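Me: Please take one part of this model and look at it closely. Start from a single pair of residues, then work outward.

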Amino acid sequence: MSVMQDPSDDLKVTPPKKWATGAPAVAHAIQYSLSQTSPKRTALTLLNLNQGKGIDCPGCAWPDPDPNHRPMNEYCENGAKHVNDEATSKRVTREFFRQHSVSELDEKSDYWLNQQGRLTEPMIKRSDSDFYEPIGWDEALDLIAGELRSLDSPNEALFYTSGRLSNEAAFLLQLFARAYGTNNLPDCSNMCHESSGSAMQQTLGVGKGSVSLDDLHQSDLIFVIGQNPGTNHPRMLSALEIAKRNGGEVVAVNPLPEAGLMRFKNPQKVRGVLGRGTEIADQFLQIRPGGDLSLFKALNLLLLEAEDANPGTVLDHEFIRTHTNGFEEFARRARELSWDQVHAATGLTRAEIEQVRDRVLASNSVIACWAMGLTQQKHGVATIREIVNFLMLRGNLGKPGAGVCPVRGHSNVQGDRTMGIWERMPQSFLDSIEAEFGFTPPSEHGLDSVDSIRAMLDGRARFFLGVAGNFVRATPDSEVTEKALRQCRMTAHISTKLNRSHTVCGETALILPTLGRSDRDVQNGVEQFVTVEDSMSMVHASFGRLEPASESLLSEVSILSRLARRVLGDSPEIPWESFEENYDAIRDRISRVVPDFEDFNRRVADPAGFRLPNPVNRGEFRTASGKAEFSTNEFEWLDAPEGYLVLQSLRSHDQWNTIPYAMDDRYRGIHNARRVVLVNPDDIAELGLTDRAEVDLVSVWHDGVERRAPSFTVVSYPAARGSAAAYYPETNVLVPLDSVADVSNTPTSKGVIVRLEPVAQQS
């Protein structure tokens, strides 16, 4: 397939795979890499990926093993694709933009836009034109600075970023925004793991996971809930394989059977290439979407009843007495549970849940891992709070092999939050900025991603800066989001590659091309490096190895520093020029502002990096009571009316974030198509449909607005009864802007009530 063609669906379905990775994954990774760039560049990226002095994978945030035990090929299929997608030899030049209007590009697919290659020079779409044209860096930054200075209030500006940003650039972005006068720092966390941070802050006093790779390796029992490691973070399978070989067990909880959680064929070991590999999940709970809260409430009731039957042998009374608050009320409310409700919510039998309880009782250490299958539910925060209850009952916090493990996606999404990319940073962080830089940051909370869309719609926000990412395709309610951005006076995006956010323009729109993670970054003749923080709080360096795609590219640090100088001048007195010239200067300031980053430059020189401490592991809980909080969570689940299903959006295997690299989902047996909806065969029959029927997916919110994703093919699939699954961003249009998780305001992309409307029935 030529990259200059927009692919059309030509659906082929094969049986879903019962194992993941193996030799085919290696072949697919190399094939895609070579389709993007030369063998020499492919070798250079892959041999340096996730190495001590190499390139941090710009894909997921899974941690790296200790350098002394790290293989040369410490990357997965999707990591290889991701880094070489960035390292592509294809280029988007001014000639490309002369040939394609913005209106024409807006009709192209995400796949097509991404396949055009790396951006090479700054571009502007002026208010009276439908074409991007070249613009010099000075003029582009002057235009943006002039727009920012012309706003009636700093709060009319939005500064968005994704998890691709380095720690250094993230620190400068939030510093610039706050010195400018706003806390409007929406980010991709708002749309994925905000529920995790909200729930853990409430219960444990810290919004990060507490476990390490070593904890996973030695755990007796690991729950993998609402996530698909085989596609979204395949290197996790290596850790689960080690845990299994050390005698640990795994319980998988998911509406869909996932190949990686059935069997893993490690391509770096002979048994993974020639043998059967390792069976991962000892028990698979095929739960209905949104039933996870009910499952853990049921498990907690069973543990309380087991303690009743054998007093002093089940619960960790010492941990509960010393380290927790609210146990009595929690236990009283937990006993009100109805098993009929549990079955209705989960689709599981009591016997299945009791089998899990028995595994828990046989384990001295338990880890709960989860991802967006939980966080993007309306009651995602309550579910995670209930999981914390579950862990606390047997003291599974702060000891080896136990704890909470939210598995985050984007490579530095956790680091960005640590650096201050949050609209609600605590006052202590703001006070540290004031002490270090001599200005008073605004204390009023800013706007998250969902509220930013509302502000643009209402005319309260008129300027949008996107630093990395693809805001238009990452957000819910696609038509509403696009309308919101088009109402801005100016939109600007700091990007490496073309994406849909560049075609949804404000009155004036700019594209500011930047270096990628794999590119060499030289300032004043000195090669720079950046740092990231992974899902398990390890901070380490990343060194670009490739010659940049164009001499016109600037680093994110350079772009932000130059823009800040133009907007702010010398007030407050911040050394933006020094920051651009030497990133050590940024890290020196980080070491004095951000907790636990003391002596940053020296510590990050270690190829292993360093781990940020988690107070939970020291028995410290930064809650109001000073203890871990048991919570009482109302019984809730998604109950679709007759004739409707609960839809969850998901990635295909050949996709990272919003961008597909191919039209296949190899492990699920979907080929040459993306507009498919996976439905249990019994549900297909009950709805009066047939396999391969063409339908529109229709969601109706209480605002009465009908949201429609047209022309999907029904595919019979072993999904949980009452559920459906389809790929995003194609289904983002179905998620109402106001359908958000309680507390966290995260869009409910894993819990959309839809009907499947046969195309033939439409007038």
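Reply: **A strand and its surroundings**

Valine 679 stands opposite alanine 724 in β32. The model is predicted, so local features need pLDDT of at least 70 and side-chain atom pairs count only at pLDDT 80 or more, while totals for chains, interfaces and linings use all residues. Residues are numbered from 1 along each chain as its sequence is written, and side-chain values use heavy atoms, with hydrogens and water left out.

Start with β29, residues 676–679. Strands here are DSSP runs of E with at least two residues; helices are runs of H or I with at least four; both are numbered from the N terminus. β29 joins β32 (residues 723–727) by 3 bridges, and the two run antiparallel. Pairing requires at least two DSSP bridges between the strands. β29 also pairs with β31 (residues 706–716), here in the parallel sense, over 4 bridges. In that pairing, valine 676 stands opposite threonine 713.

Which way do the β29 side chains point? Val676 and Leu678 point one way, and Val677 and Val679 the other. All of them are buried, meaning under 20% relative accessible area (over 50% is exposed, in between is partly exposed; 1.4 Å probe, protein chains only). In a regular strand, side chains alternate between the two faces of the sheet.

Next, charged pairs. The model holds 68 salt bridges. Each is a side-chain nitrogen of Lys or Arg within 4 Å of a carboxyl oxygen of Asp or Glu. Arginine 668 and aspartate 665 form one, at 2.9 Å from N to O, and both residues are buried. Glutamate 757 and arginine 755 form another, at 3.1 Å from N to O. Glutamate 757 counts as buried because its relative accessibility is 17%.

Aspartate 56 and arginine 517 also pair, with their closest N and O atoms 2.9 Å apart. This pair links distant parts of the chain, 461 residues apart. Aspartate 56 lies in the loop between α2 (39–48) and α3 (77–86). Arginine 517 lies in the loop between β18 (508–513) and β19 (522–523). Aspartate 56 is buried at 7% relative accessible area, and arginine 517 is buried at 9%. A network of salt bridges links Glu329, Arg332, Arg333, Glu336 and Glu634.

Now an open sheet of 5 strands, in the order β12-β9-β8-β14-β15, with parallel pairing. Its edge strands are β12 (283–285) and β15 (403–406), each paired on one side only. The twist averages 15° from one strand to the next. Angles run from 0 to 180 degrees between N-to-C directions, and axes are lines fitted to C-alpha atoms, for helices over the stretch in contact. β9 (residues 249–253) joins β12 by 3 bridges. One bridge pairs alanine 252 with phenylalanine 284 in β12.

Helices lie across these strands. α12 (residues 235–245) lies across β8 (221–225), β9 and β14 (366–370), running at about 150° to β8. α15 lies across β8, β9 and β12, at about 155° to β8. Contact means heavy atoms within 4.5 Å.

α15 (residues 292–309) also packs with α18 (residues 339–346), at an angle of about 145° and with axes 9 Å apart. In this contact, α15 supplies Ser294, Leu295, Ala298, Leu301 and Leu302, and α18 supplies Trp339, Val342, Ala345 and Thr346. These residues divide into 7 nonpolar, 2 polar and no charged. Nonpolar covers Ala, Val, Leu, Ile, Met, Phe, Trp, Tyr, Cys and Pro; charged covers Asp, Glu, Lys and Arg; the others, Gly among them, are polar.

Another open sheet has 3 strands, in the order β21-β22-β23, with antiparallel pairing. Its edges are β21 (530–533) and β23 (610–611), each paired on one side only. β21 joins β22 (residues 538–542) by 4 bridges, and threonine 531 has alanine 541 of β22 as its bridge partner. Helix α8 (residues 167–180) lies across β21 and β22, at about 90° to β21.

What does leucine 568 touch beyond its neighbours within four places in sequence? Its contacts there are Phe176, Ala179, Tyr180 and Trp576. Leucine 568 lies in α27 (residues 556–568) and is buried at 12% relative accessibility. Its C-alpha atom is 6.8 Å from that of tyrosine 180, 388 residues apart along the chain.
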